[in-house]
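Open the model in your viewer and get ready to select and colour as we go. We will visit the empty spaces and the sheet, one stop at a time.

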Amino acid sequence: MTVVFWIALASLGAWAVLAFAWGRFWLCDQRLDGTAPDPPAWPAVTAVVPARDEADVIERTVGSLLRQDYPGDFRVVVVDDESRDGTGTVVQRLAERLGASARLRVVRTAPRPAGWVGKMWAVETGVAEATAGLSGEGPPWLWLTDADVEHSPRSLRRLVAVGEAEGLDLVSLMVRLHCRSAWERLLVPMFVYGFMTVYPFARVNDPRARTAAAAGGCMLVRRSALAAGGGIAAIRDAIIDDCALGAMLKRRGRIWLGLTTTERSIRPYGGLGPIWRMVARSAYTQLRHSPWWLAGTLIGLLLLYVVPPVTALLCPVHGDGAAAAVALGAWLLMAATWVPTLALYEQPPLLALALPIAGTLYAAMTLDSARRHWMGQGATWKGRPAAGRVVSS
């Protein structure tokens, strides 16, 4: 038994644990099935949409909110977060053209207080506007959604139905990301796959498990639960704000996170650069800015994604046929776990064999995230630095 064999066996063992004992994360089976009964009365909901420089997509996405087939009272608050491209003006004109000024309000953020991440201050501004001048606590539900997400007409109805029927404090959907270019086809399904690896959705949805997360593109939040947890102010400095919100709410109640193909982000990533920046912006934050967590993560990624193909393909060099066979088994098991995510994004199953390439690139993005932090560049979003903390889930 050579060292190469034992390393290959360790990789196969790691993939066996992920495939069969890690919350069945790769099955992509957490979906809204539409079977939740209608509530006796549809509660009021206000959508809060933080928007910074979104003039190119905001009309389409806000339009999808205004077209919701929702029987209850539904209003939309768009928060113009220091936009430089006329985002607020575009929304105002949309409201006037559709005659929706009574249901659609546009507010602009005041100067951001110290200690607040920009997006969280925008969300706080929207939540305050949603309840301004109302008696009691305002609408029972808040729908937090990103400005680049287009929703299907029955999206809100399905979210509220399951939230009311199951007594949830949070119902969140991982929206379908833009996936058309070559780089998107390789890396976007890997992004979703990686997120599900870190936060297995079945464990998130299990009230007995500690794992908690949410997906920021679509989060229906029970307002009373949010207030009981301290409101948005409780996560005001969290960069990975969606998972911080999920963790805060799960400490007090039940949450649910699933996948969807009908709610989607319409903003294309294009080439490798935008995807790289998206991941590098927060990867080291997820690791709590710890060099030890970084080292362990990189070693783990190499064991998972690099060892199998390298050991299998370099058999003529190291000459260990048993090690190559074990490594090939790890590679095939790895590929099998990626197939459901590829199917979700309508990509060919054969692409699953390229998962080692995607995994290696994500390891490089993680290392670059640490490099940026060490060089004092920190996390930025649309040209604005965002200093914050990490909330462990």
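A pocket here is an open set of grid points with protein on both sides within 12 Å along at least five of seven lines, and its lining residues have an atom within 4 Å of a point. Keep in mind that this is a predicted model.

**Stop 1: the second largest pocket**

Select Asp33, Gly34, Thr35, Ala36 and Val162: of the 15 residues that line the second largest pocket, these lie nearest its centre. The space in this pocket comes to about 270 Å³. Which helix gives the most to its lining? Colour residues 155-166 and you have it: helix H5 contributes six residues. Now colour the lining by class, and you should count seven charged, six nonpolar and two polar residues.

**Stop 2: the sheet**

Switch to a cartoon view and find the open sheet of eight strands, whose order is S3-S2-S1-S4-S7-S6-S8-S5 with mixed pairing. Why do S3 and S5 each have one side without a neighbour in the sheet? Strand S3 (104-108) and strand S5 (149-150) stand at the edges, so each has a single partner strand.

Next, zoom in on strand S1 (residues 45-51), which runs parallel to S4 and is joined to S4 by four bridges. Show Ala47 as sticks, then look across to S4 for its bridge partner, Trp143. As you look along a strand, remember that in a regular strand the side chains alternate between the two faces of the sheet.

Slide over to S2 and S3, where five bridges hold a parallel pairing. Pick Val79 and find its bridge partner in S3, Val107.

**Stop 3: helices across the sheet**

Add helix H3 (residues 87-98), which lies across S1, strand S2 (74-80) and S3, and runs at about 160° to S3. With S2, H3 and S3 selected together, you are looking at a right-handed β-α-β unit. Then show H4: this helix lies across S1, S2, S3 and S4, at about 150° to S1.

**Stop 4: the cavities**

Keep H4 visible while we turn to enclosed space. Rolling a probe the size of a water molecule over the atoms shows where empty space is left. How many cavities of 30 Å³ or more does a search of the whole structure find? The search finds two.

For the largest cavity, with a volume of about 80 Å³, select Lys119, Val123, Leu144, Met219 and Asp241, which lie nearest its centre among 13 lining residues. Helix H4 (118-131), strand S4 (141-145) and helix H9 (241-250) are the elements that each give two or more residues to this lining. H4 has the largest share, with three residues. By class, the lining divides into eight nonpolar, three charged and two polar residues.

Finish at the second largest cavity, which holds about 50 Å³ of space. Its lining is Gly23, Arg24, Phe25, Cys28, Asp29, Gln30, Met196, Phe201, Ala202 and Leu259. Colour these residues by class as a last step: six are nonpolar, two polar and two charged.

Key
Residues numbered from 1 in each chain as written. Predicted model: local features only at pLDDT ≥ 70, side-chain atom pairs only at ≥ 80, totals over all residues. Heavy atoms only, no water. 1 Å grid on protein atoms, 1.4 Å probe; cavity = no way out; pocket = protein on both sides within 12 Å on 5 of 7 lines; lining within 4 Å. Points joined across faces, edges and corners; volume = space filled by probe spheres on them. Nonpolar A, V, L, I, M, F, W, Y, C, P; charged D, E, K, R; others polar. Pairing = 2+ DSSP bridges. Contact = heavy atoms within 4.5 Å. Axes fitted to C-alpha atoms, helices over the stretch in contact; angles between N-to-C directions. Right-handed = clockwise from strand over helix to strand, strands pointing away.
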